[in-house]
Amino acid sequence: MRTGLAIRDPLPWHELVLTAELAERTGYETLFVPEIAGREAFSSLAGLARATYRLRLGPGVIPLGSRSHEVLAMGAATVQELSQGRFILGLGAGTPGVGSLDRVRDAVAFVRVALVGKEVHAEGDDESFKLTLDPGPQPVPIWLAALGPKMMRLAGGIADGVLLNWCPPERVSEARRLVHEGAEAAGRDPADVTIGVYVRACVGQEESVALPALREAAAGYVGDPAYRRQFESVGLDPERIDDVVRAVCAVGDAVTARAHLGAYREAGADVPVVYPVPVLDPVSSINGTILALAPAPAVEH
């Protein structure tokens, strides 16, 4: 079973490396590093590339506007080279508004051309750009964060994968339909677009410990209008935060939590991405969740 992992918390660097190694030994496919307000994503992934050998690595996600298209291409090429072809470029529109879809479309087109060593112009820029670093023969997959229907369709049309967030399995089914619509409209094979979904998880802890942490993690989203619409579209009341948490988070013992991941797979997710929410001792609880939901028994390098 394909399973990804996301680590957002600013663990001490040596602990983050050990956690990445644990994920690799237990069969996780990809490690995403969400870029919020902690470590810078490209430099973190470059360091993790030197500590791993199989795990795919990606920012989950880089918001457009935080870097120029040229810097995005250089960062992607650098980590792709260091990881010997294991990099995934995760991009998000950033602040929503008029023109968001066009900005994403332009960025993806620019980076794709740049990463194959061709000369390219950014929109509104008179000077051309040509990447001098050869990242290797493997193309860099581009995944898009998608919340609304338009972005889901766009991801189907131009991206290699999509990352969904804070949604129950029912929403994944709808997202898959929209992504497939976008792919077919663009003349692409829908099977070429991977559906990934972040699943917040706190496994193996008493509910009296896990639920407050998951409520806190959810609190920043239930008030956002776009996420409220997403919750309401599947019959969830954002004001009933415990209902939201139980619908979208993996909590409880390993059997219960694994069944929750299974529901996402049945709904159409190709890669559920375990997103540990720490409690008590952060490192121990994150690693406990990783082990509880691991796709395979631990093996040594």
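This is a short walk through the strands, the pockets, the cavity and the cysteines of one predicted model.

Let's start with the strands. Take β5, residues 89-92, and β8, residues 142-145. They run parallel, and 3 bridges join them. For a place to look, find Leu89. Its bridge partner in β8 is Ile142.

Now stay on β8. This strand also pairs with β9, residues 161-164. Again the sense is parallel, and there are 3 bridges. Here Ala145 stands opposite Leu163 of β9. What lies between β8 and β9 in their β-α-β unit? Helix α5, residues 149-158, and the unit is right-handed.

Over to the N-terminal part. Strand β2 covers residues 30-33, and strand β3 covers residues 56-59. The two pair in parallel, over 4 bridges. Leu31 has Leu57 as its bridge partner in β3. There is a β-α-β unit here too. It consists of β2, helix α2 and β3, with α2 spanning residues 41-49, and it is right-handed.

One general reminder while we are on strands. In a regular strand, side chains alternate between the two faces of the sheet.

Next, the pockets. The largest one holds about 1,200 Å³ of space. How many residues line the largest pocket? The lining has 37. Nearest the centre are Ala93, Gly94, Ala145, Leu147 and Tyr227. You have met Ala145 already, as the residue opposite Leu163.

Which elements each supply at least two residues to that lining? They are β4 (62-63), α4 (100-115), α5, β9, β10 (194-203), α7 (207-222) and α8 (225-233). So much for the list; two of its members, α5 and β9, belong to the right-handed unit with β8. Helix α8 gives the most, with 5 residues. By class, the lining has 20 nonpolar, 10 polar and 7 charged residues.

The second largest pocket comes to about 260 Å³. Among its lining residues are Arg8, Asp9, Arg200, Glu216, Tyr221 and Tyr275. Pro276, Val277 and Pro278 are in the lining as well. Helix α7 and strand β12, residues 271-276, each supply at least two of the lining residues. Which of the elements has the largest share? That is α7, with 5 residues. The classes here are 7 nonpolar, 1 polar and 4 charged.

Now for enclosed space. Counting at 30 Å³ or more, there is 1 cavity. The space inside is about 110 Å³. Its lining has 13 residues, and the closest to the centre are Ile7, Arg8, Val33, Pro34 and Arg39. Note Arg8, which also lines the second largest pocket. Note Val33 too, which falls in strand β2, residues 30-33. The cavity lining divides into 7 nonpolar, 2 polar and 4 charged residues.

Last topic: cysteines. A disulfide is a covalent bond between the sulfur atoms of two cysteines. How many disulfides does the structure hold? The count is 0. Cys167 is in no disulfide, and the nearest cysteine sulfur, on Cys249, sits 11 Å away. Cys202 is in no disulfide either. For Cys202 the nearest cysteine sulfur is again that of Cys249, at 9.5 Å.

Buried or exposed, then, for Cys167? Cys167 counts as buried, because its relative accessibility is 1%. Cys202 also counts as buried, because its relative accessibility is 1%. The cut-off for buried is under 20%.

That is the tour.

Notes
Residues numbered from 1 in each chain as written. Predicted model: local features only at pLDDT ≥ 70, side-chain atom pairs only at ≥ 80, totals over all residues. Heavy atoms only, no water. 1 Å grid on protein atoms, 1.4 Å probe; cavity = no way out; pocket = protein on both sides within 12 Å on 5 of 7 lines; lining within 4 Å. Points joined across faces, edges and corners; volume = space filled by probe spheres on them. Nonpolar A, V, L, I, M, F, W, Y, C, P; charged D, E, K, R; others polar. Disulfide = S-S within 2.5 Å. Buried < 20%, exposed > 50% of the residue type's maximum accessible area, 1.4 Å probe, protein only. Pairing = 2+ DSSP bridges. Right-handed = clockwise from strand over helix to strand, strands pointing away.
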